[in-house]
Amino acid sequence: MLAQRILTALILAPLFVWAVFALPADYFAYLLLLFVAVGGWEFARLIKINQPLYRALVAGGIVGCALIAARHTQNLQTVLIASVIWWGFNLVWVISYPAKVQSWYGSGIVRVMSGVMLLAPMWVALINLHQGYGSEYFLLLIFLIWGADSGAYFIGKAFGRHKLAPRVSPGKSIEGAIGGVIFSVIVMLIFLQYQQASVDSYAGYLLLAVVVSGVSILGDLFESLFKRVSNIKDSGNILPGHGGVLDRIDSLTAAAPFFLLGLNLL
């Protein structure tokens, strides 16, 4: 399994970095939309929609909502703020689990809307980040998330003693979460040095790194809620050793809107 994970990463990571820098903005947006479509297909399975036609309708509906939201660029800030508020509710569901499950899983309409709010704002944020701030800031977001994931894994393995959310994801620890935040801050410091940014701007960017790394963990935990309720280990098997697309972008679903909103406010 570890060999599969490494091989898949070695193949896909360079291709993705190439796409970030080399593809025209519109083509790159459509590539990301493909991930949204696959993620929507996988999310439909997490909410116990197994009939292929209905799963396709859910995925298509999510893609359609993303396209509609992206067309109204004047409402970008509203989309981002709505996403941030929605993640605030998700934090409540994660903390309170297994209580209040009916609030976010009891209704089929609510479950489908969770898929829309999970994936559509992420896509809108990512394409606006790529087009508005450029490839370097897009990769910065990716590296912040990778830093958070890596720090949480290695620090959690070495020092993890206190469970972060044992009823949702028993493997995560508070120490690991702190390690993830520290790694993300280091990534941001390296970026700021590379950009030769003014020291006066450091505080805002470092705070943004802390927030992004924190909400990236929330994104992971929120997907874990649906996996636990649906009794599913991975969202899919399209990526050998990594599970499904949704398993790889769960942190990004939360982090992307926060990151772009934070950049806009700095």
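**Helix α10, its salt-bridge network and buried polar residues**

Helix α10 bends by about 35° at Ala255. A proline, Pro257, follows within four residues of that position. The model is predicted. The helix covers residues 245-265, 21 residues in total. Its first and last C-alpha atoms are 30 Å apart, close to the 30 Å expected at 1.5 Å a residue. Of the 21 residues of α10, 18 are buried, so the helix is largely enclosed by the rest of the structure.

One residue of α10 takes part in a salt bridge. Asp247, in helix α10, pairs through its side chain with Lys227, at an N to O distance of 2.7 Å. The pair connects distant parts of the chain, with Asp247 in α10 and Lys227 in helix α9, 20 residues apart. Salt bridges with shared partners join Asp247, Lys227 and Glu223 into one network. Asp247 has a relative accessibility of 6% and therefore counts as buried.

The other link in this network lies within α9. The side chains of Glu223 and Lys227 form a salt bridge at 3.7 Å, N to O. These two residues are four apart in helix α9, so about one helical turn separates them. Glu223 is buried, with a relative accessible area of 4%. Lys227 is also buried, at 14%.

The salt-bridge count comes to three. Apart from the two bridges of the network, there is a pair formed by Asp220 and Lys172, whose side chains meet at 3.4 Å, N to O. This pair, too, links distant parts of the chain. Asp220 belongs to helix α9 (residues 202-230), whereas Lys172 belongs to strand β2 (residues 169-173). The two are 48 residues apart. Their burial classes lie on either side of the 20% cut-off. Asp220, at 18% relative accessibility, counts as buried. Lys172, at 22%, counts as partly exposed.

Arg111 presents a charged residue without such a partner. It lies in helix α6, which runs over residues 108-133. Arg111 is buried yet has no salt bridge. The nearest side chain of opposite charge belongs to Glu223, 15 Å away. Glu223 is itself engaged with Lys227 in a salt bridge. The side chain of Arg111 instead reaches a backbone atom, the oxygen of Ile47, at 3.5 Å. Ile47 is also among the contacts of Arg111 once neighbours within four places in sequence are set aside. The others are Phe43, Trp104, Tyr105 and Gly106.

Asn90 is a further buried residue. It is found in helix α4 (residues 76-96). Its relative accessibility is 1%, so Asn90 counts as buried. With neighbours within four places in sequence left aside, Asn90 is in contact with Leu218 and Phe222.

Conventions:
Residues numbered from 1 in each chain as written. Predicted model: local features only at pLDDT ≥ 70, side-chain atom pairs only at ≥ 80, totals over all residues. Heavy atoms only, no water. Expected span 1.5 Å × (residues − 1). Bend = angle between axes of the 7 residues up to and from the residue. Buried < 20%, exposed > 50% of the residue type's maximum accessible area, 1.4 Å probe, protein only. Contact = heavy atoms within 4.5 Å. Lys, Arg positive; Asp, Glu negative; His and termini not counted. Salt bridge = Lys/Arg side-chain N within 4 Å of Asp/Glu carboxyl O. Polar contact = N/O pair within 3.5 Å; in protein donor to acceptor, adjacent residues only side chain to side chain.
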